[in-house]
Amino acid sequence: MTEAVIIMAVTIGIILAIVLCQKPVINASADVFDRHTTNTLKGAAILLVFIHHWGYLTSKIYYDHYEHSILGYLAVTVFLFVAGYVTQFQYQKRGKIYVGRRFIISKLQRIYLPYVLVVILFAVIGRHEIGVAVKSIFNVTENWFLTTILVYYFIFFVIQHMIAEDRFRTKIAMWCISMIVYSVVCGMLTGKSVWYNTAWAFPIGIMAAYVNRTGENKGLKKLLLFPVLICFIVSLMLAFFAIHYTVMSIVSSACLSVLLWEWGRKFHVKNKILEYIGTLSWEFYLIHVNVLYIVMDRTDNSIVIIALSFAITFVLALVFRFAVMVTDKAVP
């Protein structure tokens, strides 16, 4: 346990060092969250997810009475905020054509196709039985994040077609209703907060993109930003100590999304290493847990597990990303 905690702390420190080794650029461009910044954020987030799952599988540092760690849901918050921001940004840039038939196809290609390929690969090498693999392909609810992000994209698609372009407040109201319904349904069906405790990050990302793109963003007043920061710190600490974990994780995730919105308006965090990893983040996510299990079956050394698992996952993510890019070019 002590070894795992030390390694996790050191690894997180390395990530922070990578991020801080390059001075943030202040107000570098009109695009608040440009491609470099969003990929850098995704790169840092996927490394945190990797560390979280490694720690979860190799140590007892997580409490048994709640199903997800602080590290995990904070990283997912970053992913969903970025996804919401980029989706809304592209919609405002390209218009209604962005949410045409190609929208659904492109999301399935980018999200579902790699998932299918990964399931098939690990079934072929014996990680899963064929029957289990087939079930996983058609029952995507076995992967909560895959299901969640597909649902959010579908809600985005429906709302954009249902509500007029100039009625953004109505769209946000629909998002609020949708997130409440989704959270209630997930809570009833799964009983696991991991399905919905980061739900608000996606619509907050949408709001950030809309306000920033339309030039209406004057930033949060300091009187409002400070309470959000305090609320984030307090709720995060309460969640860490498993005090009303579900509620506190929802609150801290929402607060982090607001802080990302405000801080991203001022700072463009760019790092080539994390940016490159960020371009592979989806494939990396789909692969890493299976690789961790395979490596853990062959060694008990924590350092070997984390180093070898990362290396194998990174290489496989490159291969799968290339396969998806080829498919994107083949499908008009």
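This passage looks at two buried residues and a nonpolar surface patch in a predicted model. Residues are numbered from 1 along each chain as its sequence is written, and side-chain values use heavy atoms, with hydrogens and water left out. Local features need pLDDT of at least 70 and side-chain atom pairs count only at pLDDT 80 or more, while totals for chains, interfaces and linings use all residues.

We can start with Thr 87, which sits in helix α3 (residues 70-94); helices are DSSP runs of H or I, at least four residues, numbered from the N terminus. Thr 87 is buried because its relative accessibility is 1% (buried means under 20% relative accessible area, exposed over 50%, partly exposed in between, with a 1.4 Å probe and protein chains only). A polar atom of its side chain lies 2.6 Å from the backbone oxygen of Ala 83. Beyond neighbours within four places in sequence, Thr 87 is in contact (heavy atoms within 4.5 Å) with Tyr 98, Phe 103, Tyr 153, Phe 156 and Phe 202.

Ser 249, in helix α10 (residues 245-266), has 0% relative accessibility and therefore also counts as buried. Its side chain places a polar atom 2.8 Å from the backbone oxygen of Thr 246. With residues up to four places away in sequence set aside, Ser 249 touches Tyr 73, Asn 197 and Ala 239. Asn 197 is 52 residues away along the chain, yet the two C-alpha atoms are separated by 6.0 Å.

At the surface, Ile 230 of helix α9 (residues 222-240) is partly exposed, because its relative accessibility is 36%.

Methods:
Helix = DSSP H or I, 4+ residues; strand = E, 2+ residues; numbered from the N terminus. Polar contact = N/O pair within 3.5 Å; in protein donor to acceptor, adjacent residues only side chain to side chain. Patch = residues over 30% accessible without salt bridge, like charges linked within 9 Å, V, L, I, M, F, W, Y side chains within 5 Å. Areas by Shrake-Rupley, 256 points an atom, 1.4 Å probe, with all protein chains shown as cover. Salt bridge = Lys/Arg side-chain N within 4 Å of Asp/Glu carboxyl O.
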